[in-house]
Amino acid sequence: MLTSVLEGSVSVGPYPELAGKRVLVTGLELQAGVDVARAFAEQGCRIVLHTTASGAEADAVLEMLAQTASELQVYSDPLTDIESATRFAQTAAKTFSGVDAVVNLIHLDLKALTAEALDGDFEAAIARRLQTARVITRIAANRMRLTWCEGSIFNVLVSTPPQTKAETILLSMARAMLASMTRSEASEWADQAIRINAVAPVLDSAEAGACLVSEPRVAALAMFLASSRGRDLSGLVFDLGLVEHA
């Protein structure tokens with residue numbers, strides 16, 4: 001019920017209170033994350049962006065963001081382990097002397113994940129995919145606490161469509177583990193007025209290929225949660241509709 005109510009009330013419209021806010025967006029790729037970063041940029045936010053995308057199209061995206069964002073700082077070093085994620089998160093959280101909102105895009109290649117988990121340790125394989133977002137969530141939340149900031153952290157699971165029963169199981173497990181992480185972190189930081197939420201694909205047996213969350217709706221929800229309107233929402237995993245990338 002909560003999700004259906006929000007779907008009718010959130011939109012990428014004017015959020016004047018977000019102007020000048022410090023927003024960290026991680027995991028941007030050309031196929032996912034551009035709408036999210038653009039939505040915050042168009043509100044005049046100061047954006048710290050992590051992306052490993054390169055080439056002419058990526059350059060065009062960064063130029064577009066730079067034209068509308070109040071400030072834009074881009075980092076591109078790969079986040080391959082806890083150490084590199086920690087170093088980046090510490091740097092990003094201090095870039096504008098703090099951070100007000102975070103959006104982490106977590107990319108899940110189910111085919112690669114299935115191959116990686118052939119030894120049967122599915123939970124460990126999924127945990128490795130979530131660890132960067134978990135590290136960034138904790139470091140950003142701690143920075144918000146230290147700077148007395150009532151912030152929003154939003155983790156977005158982006159997945160390839162499952163093609164086999166094994167991939168379907170892995171996606172279901174990833175949703176469950178993300179939900180557990182979200183509830184745990186939200187509880188940990190609740191007394192600091194730091195809100196932690198997530199969104200994940202829903203499996204619909206009637207539409208075998210439909211499992212990727214619609215990015216415009218994710219962008220709208222990210223803005224809503226970062227604004228004063230989302231102040232009372234935390235510990236939730238949202239389902240906002242499904243689309244396939246072209």
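Author: Helices (H or I, at least four residues) and strands (E, at least two) are DSSP runs, numbered from the N terminus. The model discussed here is predicted.

Reader: How should one read the sheet, and in what order do its seven strands lie?

Author: In general, strands of a sheet pair through backbone hydrogen bonds, either parallel or antiparallel. Here the sheet is open and its pairing is parallel, with the order β3-β2-β1-β4-β5-β6-β8. At its edges lie β3 (71-75) and β8 (237-238), each of which pairs on one side only.

Reader: How many bridges join β5 to β6?

Author: Five bridges join β5 (residues 152-159) to β6 (residues 195-199), and the two strands run parallel. As an example of such a pairing, Ile153 has Ile196 of β6 as its bridge partner.

Reader: Which strands do helices α3 and α7 lie across?

Author: Helix α3 (residues 56-68) lies across β2 (46-51) and β3, and runs at about 150 degrees to β3. Helix α7 (residues 165-189) lies across β4 (101-108), β5, β6 and β8, at about 170 degrees to β6.

Reader: Is Arg175 buried or exposed, and what does Arg175 touch?

Author: Arg175 lies in helix α7. Its relative accessible area is 23%, and because buried means under 20% and exposed over 50%, Arg175 is classed as partly exposed. Leaving aside residues up to four places away in sequence, Arg175 touches Leu157, Ala200, Pro201, Val202 and Asp239. Arg175 and Val199 are 24 residues apart in sequence, while their C-alpha atoms are 8.9 Å apart in space.

Reader: What is the volume of the largest pocket, and which element supplies the largest share of its lining?

Author: Rolling a probe the size of a water molecule over the atoms shows where empty space is left. In this model the largest pocket has a volume of about 500 Å³. It is lined by 20 residues, of which Gly27, Leu79, Leu105, His107 and Thr132 are the closest to its centre. At least two lining residues come from each of β1 (22-28), β2, β4 and α6 (122-146). The largest share, five residues, is that of α6. By character, the lining consists of six nonpolar, 10 polar and four charged residues.

Reader: How do the residues that line the second largest pocket divide?

Author: The second largest pocket has a volume of about 220 Å³. Its lining has 14 residues, and those closest to the centre are Lys21, Glu150, Arg195, Ala226 and Ser227. This lining divides into six nonpolar, two polar and six charged residues.

Methods. Residues are numbered from 1 along each chain as its sequence is written. This is a predicted model: local features need pLDDT of at least 70, side-chain atom pairs count only at pLDDT 80 or more; totals for chains, interfaces and linings use all residues. Side-chain values use heavy atoms; hydrogens and water are left out. Two strands pair if DSSP finds at least two bridges between them. Contact means heavy atoms within 4.5 Å. Axes are lines fitted to C-alpha atoms, for helices over the stretch in contact, and angles run from 0 to 180 degrees between N-to-C directions. On a 1 Å grid over the protein atoms alone, a cavity is a set of points where a 1.4 Å probe fits but cannot get out, and a pocket is an open set with protein on both sides within 12 Å along at least five of seven lines; lining residues have an atom within 4 Å of a point. Grid points are joined across faces, edges and corners, and a volume is the space filled by probe spheres set on the points. Ala, Val, Leu, Ile, Met, Phe, Trp, Tyr, Cys and Pro count as nonpolar, Asp, Glu, Lys and Arg as charged, and the others, Gly among them, as polar. Buried means under 20% relative accessible area, exposed over 50%, partly exposed in between (1.4 Å probe, protein chains only).
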